[in-house]
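Subject: Structure for you to look at

Dear colleague,

I am passing on the structure below, and would be glad if you could look through it with the notes that follow.

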Amino acid sequence: MTNGLIFDYGGTLDTNGVHWFFMFKEAYSACGIDIDQDMLRLVYVKTERALEQDKHIRPADSFYSVLQKKTAIHRIFLKESFGIDIDIDKLNYVANYCYMRVKNIIENVTVPVLNFCAEQAHMVLVSNFYGNIDTVLVEFGLKKYFDSVVESASVGIRKPDPEIFKIGARSLPPGVSPIVIGDSYKNDIAPALALGMRAVWLKVDGYQWEKTENVETPYRISTLSQIFDLLPQLLESK
């Protein structure tokens, strides 16, 4: 194998290109809580910053535990900022809804794609995560697919810093050409292209977080399943 794939995790392997903000928005709507999009966006961003700054997430925390902790912080910020008080049972519904959505995507989309890719290329994971990515990968049966896992909380470098992709590339065998696959143009595609790597942008219309209307990339897919057709083409070209 002379090619290597550097996968993103959050928003890519777990949600098949749907940004997590929209996953939560969908979950809240499903349990009858219609929060203004701008309010929820602010709460989402504040929650992610709180998780970056404080050690809310422990290395042994499962994915469901992460969802519970995130929604608990959502509740605090919604009440403090907007006076919206959400019942604990509904928060549990939101966490369970997101968990089952991700579990379904991983089982029916992600695992078949990774099985296919593993037969043809080395694989590394490079992720902005909370210090428990190994626990989550084992939980969903994904750890076995990757030669190495590079997590921001462990190496002290976050995307879009290109250095984290250099670490990922060094984790591949010598002479292996890396191809980055991720959902974020800013965090995945732009730094990969800046390093001279090829990149595949998983862009789902209607679920984008970033302003990227005029961005052009050589390779773009709208679902991970398109890797089945694209990967042979990528591996043939250098």
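To begin with a single residue, N16 is buried, with a relative accessible area of 14%, where buried means under 20% relative accessible area (exposed is over 50%, and partly exposed in between, with a 1.4 Å probe and protein chains only). N16 lies in the loop between strand 1 (3–7) and helix 1, and its phi is near 60 degrees, a positive value in a residue other than glycine. Most residues other than glycine have a negative phi, and most peptide bonds are trans.

Please bear in mind that this is a predicted model, in which local features need pLDDT of at least 70 and side-chain atom pairs count only at pLDDT 80 or more, while totals for chains, interfaces and linings use all residues. Residues are numbered from 1 along each chain as its sequence is written, and side-chain values use heavy atoms, with hydrogens and water left out. Helices (H or I, at least four residues) and strands (E, at least two) are DSSP runs, numbered from the N terminus.

The peptide bond between K159 and P160 is cis, with omega about 15 degrees, and P160 is placed in the loop between helix 6 (152–155) and helix 7 (162–170).

Helix 1 and helix 3

In helix 1, the buried residues are W20, F21, F22, M23, F24, A27 and Y28, and they are covered by elements including helix 2, helix 3 and helix 4. Just after helix 1 comes G32, with a positive phi of about 85 degrees.

Helix 3 (residues 63–82) has 20 residues, which at 1.5 Å a residue should span 28 Å (the expected span is 1.5 Å times one less than the number of residues), and its end C-alpha atoms are indeed 28 Å apart. Its buried residues, among them F63, L67, K70 and H74, pack against helix 1 (20–30), helix 2 (37–53), helix 4 (88–118) and helix 5. After helix 3 comes G83, whose phi is positive, near 70 degrees.

The axes of helix 1 and helix 3 come within 13 Å and cross at roughly 75 degrees, the axes being lines fitted to C-alpha atoms over the stretch in contact, with angles running from 0 to 180 degrees between N-to-C directions. That makes helix 1 roughly perpendicular to helix 3 (under 35 degrees counts as roughly parallel, over 145 as roughly antiparallel, 65 to 115 as roughly perpendicular and the rest as oblique). Where they meet, W20, F24 and Y28 in helix 1 are in contact (heavy atoms within 4.5 Å) with F63, L67, K70, T71 and H74 in helix 3.

The nonpolar cores

The largest nonpolar core (a set of buried Ala, Val, Leu, Ile, Met, Phe, Trp, Tyr and Cys residues joined through side-chain atoms within 4.5 Å) has 64 residues, and those with the most contacts inside it are L5, F7, Y9, W20, Y28 and F140. Helix 4 gives the largest share of this core, 12 residues. Apart from it lies another core, of 16 residues, including I6, V180, A192 and A199.

N132 and I133

N132 is in the loop between strand 2 (122–127) and helix 5 (133–139), and it counts as buried because its relative accessibility is 0%. Leaving aside neighbours within four places in sequence, N132 is in contact with I57, R58, P59, D61, S62, V66 and E151. I133 lies in helix 5, and I133 and D61 are 72 residues apart in sequence but 9.1 Å apart in space, C-alpha to C-alpha.

With best wishes
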